[in-house]
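Trainee: I am new to this structure and would like a close look at one small part of it. Please take a single group of charged side chains and lead me through its surroundings step by step.

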Amino acid sequence: MSSRKAATAKAAAAKTARTAKTAKAAGTKTASAKPASAKTVAKNGAKTLAKPAADGTASAEATALAARIERDLRDGRSDTLTPQAFQALMAALCKSYGTQLEAGVQFLPLANQASASPTEVMTTTSALLKAANLAVFELGMWQSWTGR
């Protein structure tokens, strides 16, 4: 094995260990200790399964909704949300994330790289930019100005 492949394998193993440790601390279960490929995640859904709390909070409801959407996608049902419901949820998530970042809470919107495939992320990002009438150039300029 080349030194580059060895370093990549070592980094992947460390990331998997961190993900498992974070999931354990957050009270979630991971399906396996080895990293999932994008194909596996796309086929089987998210590898991290969160237990929704039974206290009726918005977080518990959102976690339960996310689990239902993932389950339906695994079962081949892509119509769990109407376009109107999806748009309302996406807008609320964008606003919530922006508000939390402005308040100083720092986290990435996806738990790990296996949460969504690169294609899913790029498709969503492209559609969000189009919906807000923004270009990739504007995103790049904003990132350079804000450091985000």
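**A charged network and its surroundings**

Mentor: Let us start from Arg77, which is partly exposed, with a relative accessible area of 39%. Please keep in mind throughout that what you have in front of you is a predicted model.

From Arg77 we can follow two salt bridges. One joins the side chain of Arg77 to that of Asp72, with 2.3 Å from N to O, and another joins Arg77 to Asp75, where the N to O distance is 3.8 Å. As a salt bridge is counted here when the nitrogen lies within 4 Å of the carboxyl oxygen, the pair of Arg77 and Asp75 at 3.8 Å is included. Asp75 itself counts as partly exposed, at 49% relative accessibility.

Now move to Asp72, which lies in helix H3, residues 58-74. Asp72 is buried, because its relative accessible area is 4% and the limit for that word is under 20%. Setting aside the neighbours within four places in sequence, Asp72 is in contact with Arg77 and with Thr80, so that Arg77 appears here both as a contact and as a salt-bridge partner.

Asp72 has a further partner in Arg68, and the closest N and O atoms of this salt bridge are 3.7 Å apart. Both Asp72 and Arg68 belong to helix H3, and they are separated by four residues, about one turn of the helix. This spacing can be set beside a general point about helices: an α-helix has 3.6 residues a turn, so residues three or four places apart point the same way. As for exposure, Arg68 counts as partly exposed at 46% relative accessibility, whereas Asp72 is buried at 4%.

Putting these pieces together, the count of salt bridges comes to three, and Arg68, Asp72, Asp75 and Arg77 are linked in a network. If you trace this network in the picture, you can begin at Arg68, pass to Asp72, go on from Asp72 to Arg77, and end with the step from Arg77 to Asp75.

It also helps to look at the helix that carries part of this network. H3 has 17 residues and reaches 24 Å from its first C-alpha to its last, which is close to the 24 Å expected at 1.5 Å a residue. Just after H3 comes Gly76, which takes a positive phi of about 85 degrees.

Beyond the charged group, a nonpolar surface patch of about 230 Å² is made by Leu65, Leu89 and Leu93. Of these, Leu89 has its place in helix H4, residues 83-102, and at 30% relative accessibility Leu89 counts as partly exposed.

Helix H4 also leads to one last feature, since a search of the whole structure finds one aromatic pair. Tyr97 and Phe107 form this pair edge-to-face, with 5.2 Å from centre to centre and 85 degrees between the planes. The pair links distant parts of the chain, with Tyr97 in helix H4 and Phe107 in the loop between H4 and helix H5 (118-131), 10 residues apart. Tyr97 is partly exposed, with a relative accessible area of 23%, and Phe107 likewise counts as partly exposed, at 34%.

Notes:
Residues are numbered from 1 along each chain as its sequence is written. This is a predicted model: local features need pLDDT of at least 70, side-chain atom pairs count only at pLDDT 80 or more; totals for chains, interfaces and linings use all residues. Side-chain values use heavy atoms; hydrogens and water are left out. Helices (H or I, at least four residues) and strands (E, at least two) are DSSP runs, numbered from the N terminus. Contact means heavy atoms within 4.5 Å. Buried means under 20% relative accessible area, exposed over 50%, partly exposed in between (1.4 Å probe, protein chains only). Patches are made of residues with over 30% relative accessible area and no salt bridge: like charges are joined within 9 Å, nonpolar side chains (Val, Leu, Ile, Met, Phe, Trp, Tyr) within 5 Å. Accessible areas come from the Shrake-Rupley method with a 1.4 Å probe; for residues, only the protein chains shown count as cover. The expected span of a helix is 1.5 Å times one less than its number of residues. Rings of Phe, Tyr and Trp (its six-membered ring) pair if their centres lie within 6.5 Å; planes under 30 degrees apart count as stacked, over 60 as edge-to-face and the rest as tilted.
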